[in-house]
Amino acid sequence: MKKAAMYYEFYNQDCIQGAKEHLEDNSIDLIITDPPFAIEGDKLHKHYNRKESFVIEGYVEILKDEYAEFSQLWITEAERVLRPGGALAVVSGYSNLIDILNALRGTTLKEINHIIWKYNFGVSTKTKFVSSHYHILYYCKPGGEKTFNNFARFGSRERNGENRSLLYQDLEDVWIINREYKPGEIKNKNELPSALLIKLVQYLSRPGDVVCDFFLGGFSTAKIAKSLGRSAVGFEINKISFDHHHEEIEKIKVNELAGDVRVGKDDTPPRSGAVWNQDESDQLLSRYLQMRQSGINKQKAINLLSDEFQRGHWSINHKLGTLEMAN
Ligand SMILES: C[S@@+](CC[C@H](N)C(=O)[O-])C[C@H]1O[C@@H](n2cnc3c(N)ncnc32)[C@H](O)[C@@H]1O
């Protein structure tokens, strides 16, 4: 049963055992997690953690030989605890991605997107291309209403200086997000950037939802969830990291980031989707021809007509195409 008030519960233990002990079936709205990658001698973090002394010790890795079974065990728990319609976003490197994909495909979870996160500070190479991306596997549990807040960050009519849709760009499945330096701050070995977590939380959950992270590390997911007014739960096996960040998250106020994040408004034109009648179609064509004759280019005309007819750009463009063909 879902708890009534907001809550923040973190456990310094193995996530598989911890989930069995503390998380009820169907109780979590969103899981965002970043498991250890099972890369022996992983030095990827050194490029952005310039000063190793600020990196918390005790990071627990998984052996490569155990990774497939380990992935299968925690992903089975994730499937169990998600509510129907709830979402799972797993961040993974390429090396052992296959194990995560196999584990996900062994569940009832449905793949929604395979997102590429392009980051900065890839390790430079001389004999091959630089690896500079991770994978974000976005899956949903069937059987319930999925949360996807389409206008969480941009309205449908917001455009950049080149007249491109900001919403469309934000919804593309390649995300270019820099890692954070945080000079002089104590941090975990591979911390996810806030911008990436804010984006996932804004699109995939609602205020008051429960966000879970099976591998808290620096508690980045939980910190963002709390500061955006969501409940947060999770597990971290490394006591040093757990103790440090558990104390840090207590200092964060519920919803404290709410005024600082970009929020889109649903500015879908009121007549969007309405059937075109003959009068309206005739007026559209006539106004379009007038505009073109007065020297307005096609794109500008579509923008103006979208405001005038209270319909989306696509709809105006499509209708003009069919009218021009018919005339
Ligand atoms: C890639 S890091 C997570 C980083 C985190 N997303 C952040 O932004 O700080 C993976 C974390 O999982 C922890 N870990 C490893 N095995 C675990 C297990 N069985 N249960 C819980 N945590 C585990 C590691 O100690 C490490 O802190």
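Here are a few worked exercises on a predicted model.

**Exercise 1.** Work out the strand order of the open sheet and which strands sit at its edges.

*Solution.* Start with the order: the open sheet has 8 strands, running β1-β8-β7-β2-β3-β5-β4-β6, and the pairing is mixed. Next, look for strands that pair on one side only, and you get β1 (8–11) and β6 (174–176) as the edges. Finally, check the twist, which averages 20° from one strand to the next.

**Exercise 2.** Find out how β1 is held to β8, and name the partner of phenylalanine 10.

*Solution.* Strand β8 covers residues 231–235, and 4 bridges join β1 to β8. The two strands run parallel. Now zoom in on phenylalanine 10: the bridge partner in β8 is glycine 234.

**Exercise 3.** Say which strands helices α2 and α3 touch, and at what angles they lie.

*Solution.* Take α2 (residues 67–81) to begin with: this helix packs on the sheet, touching β2 (28–33) and β3 (82–92). The direction of α2 makes about 150° with that of β3. Then move to α3 (residues 97–105), which also packs on the sheet, here against β3 and β5 (133–140). The direction of α3 makes about 5° with that of β5.

**Exercise 4.** Describe the residues around the ligand.

*Solution.* Count the shell: there are 20 residues around the ligand. Pick out those that come nearest, and you have Asp34, Phe215, Gly217, Gly218 and Ser220. Then sort the shell by class, which gives 8 nonpolar, 8 polar and 4 charged residues.

**Exercise 5.** Decide how α9 and α10 are oriented to each other, and list what meets at their contact.

*Solution.* The axes of α9 (residues 298–309) and α10 (residues 313–326) come within 9 Å and cross at roughly 105°. Angles from 65 to 115 degrees count as roughly perpendicular, so α9 and α10 are roughly perpendicular to each other. At the contact, Ile302, Leu305, Ser306 and Phe309 of α9 meet His313, Ile316 and Asn317 of α10. By class that makes 4 nonpolar and 3 polar residues, with no charged ones.

**Exercise 6.** Give the domain bounds and the separation of the domain centres.

*Solution.* Domain 1 spans 8–250 and domain 2 spans 278–326. Taken over C-alpha atoms, their centres are 44 Å apart.

Key: Residues are numbered from 1 along each chain as its sequence is written. This is a predicted model: local features need pLDDT of at least 70, side-chain atom pairs count only at pLDDT 80 or more; totals for chains, interfaces and linings use all residues. Two strands pair if DSSP finds at least two bridges between them. Helices (H or I, at least four residues) and strands (E, at least two) are DSSP runs, numbered from the N terminus. Axes are lines fitted to C-alpha atoms, for helices over the stretch in contact, and angles run from 0 to 180 degrees between N-to-C directions. Two residues are in contact if their C-beta atoms, placed from the backbone, lie within 7 Å. A residue is near a molecule or strand if its C-beta atom, placed from the backbone, lies within 6 Å of it. Ala, Val, Leu, Ile, Met, Phe, Trp, Tyr, Cys and Pro count as nonpolar, Asp, Glu, Lys and Arg as charged, and the others, Gly among them, as polar. Domain bounds come from an automatic or database domain assignment. Angles under 35 degrees count as roughly parallel, over 145 as roughly antiparallel, 65 to 115 as roughly perpendicular and the rest as oblique.
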